[in-house]
Structure formats: structure tokens, C-alpha cells
Amino acid sequence: MLAPDLTEPYPSVSTDDNAVDAARLLVEHKLPALLVVDSDQRHALMARTDIPMVAVIECDGDQARLAGAITAARLLERLIGGS
């Protein structure tokens, strides 16, 4: 068996893609990491836990407060019914 025999397609995003779309890709495909490719075809892997943090705001009537910060991927999991 040769190395090419072990390869398979892996979803990726470019450095120009939206962070929420990138997080959605992670969640929908249940990926452990995100493959990021720039215009020069340089590659980087970002673990799920390294995806940028987003603020979560809780609103209670007219009052809004910062409820915490979680990764964009984790937020999407919660929004689409993941654990």
C-alpha cells in the first residue's frame, strides 16, 4: 500500500470564507479539525477548539447581557440541535 492509497477528500475552506460558514462545515461534517487553504495553496489545520470565539448575548426583555463566549462551531451545534 502506498500513501496515495490512504488519501480521501477532506472538506476545506479558504482564508476568504466566512467564519460562520467554516464553523457550519465543521458541525455538519462532524470534523475534528478544519482545513484552511489560502490563495497560495498553503494549508493549515485548525482544531475545533481553535475556531474563533463568539460572544453569546442573552436578552431578557429590554436588558441584554453577555452570557459568555463559546466557539462558533459549538454555538452552531447548539443552534442546530447538537449536544
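Start by selecting K30, just after helix α1, where the backbone takes a positive phi of about 50 degrees. Helices and strands here are DSSP runs numbered from the N terminus, a helix being H or I over at least four residues and a strand being E over at least two. K30 is not a glycine, yet its phi is positive. For context, most residues other than glycine have a negative phi. K30 sits in the loop between α1 and β2, and at 71% relative accessibility K30 counts as exposed. The cut-offs are these: buried means under 20% relative accessible area, exposed means over 50%, and partly exposed lies in between, with a 1.4 Å probe and protein chains only.

Before you move on, a word about what is on your screen. This is a predicted model, in which local features need pLDDT of at least 70, side-chain atom pairs count only at pLDDT 80 or more, and totals for chains, interfaces and linings use all residues. Residues are numbered from 1 along each chain as its sequence is written, and side-chain values use heavy atoms, with hydrogens and water left out.

**Next stop: helix α1**

Select residues 19-29, which form α1. Colour A22, A23, L25, L26 and V27, and you have picked out buried residues of this helix. Now show the side chains of D21 and R24, which are joined by a salt bridge of 3.3 Å, N to O. A salt bridge here is a side-chain nitrogen of Lys or Arg within 4 Å of a carboxyl oxygen of Asp or Glu. Both partners belong to α1, three residues apart, about one turn of the helix. D21 counts as partly exposed at 44% relative accessibility, and R24 also counts as partly exposed, at 34%.

**Into the core**

Select V13, A22, L25, L26, L31, L34, V36 and I51 together: these eight residues make up the largest nonpolar core. Helix α1 and strand β2 (33-37) each supply at least two residues of this core. Which element gives the largest share? That is α1, with three residues. A nonpolar core is a set of buried Ala, Val, Leu, Ile, Met, Phe, Trp, Tyr and Cys residues joined through side-chain atoms within 4.5 Å. In soluble globular proteins, nonpolar side chains tend to be buried together.

**Last stop: the loop between β2 and β3**

Go to D38, in the loop between β2 and β3 (43-47). Is D38 buried or exposed? D38 is buried, with a relative accessible area of 15%. Add D40 and R42 to your selection, and you will see three residues linked in a network of salt bridges. R42 meets D38 at 2.6 Å, N to O, while the closest N and O atoms of D40 and R42 are 3.6 Å apart. Side chains of opposite charge can pair when their charged atoms come close. R42 is exposed, with a relative accessible area of 53%, and D40 counts as exposed at 55%.

Turn on the backbone atoms as well: the backbone nitrogen of D40 lies 2.9 Å from a polar atom of the D38 side chain. The structure holds three salt bridges, including the one between D21 and R24 that you visited in α1.

Finish at Q41, found in the loop between β2 and β3. Q41 has a positive phi of about 65 degrees although it is not a glycine, and Q41 counts as exposed at 53% relative accessibility.

Definitions and conventions. A polar contact is a pair of N or O atoms within 3.5 Å; within protein, one must be able to donate a hydrogen and the other to accept it, and residues adjacent in sequence count only if both atoms are side-chain atoms.
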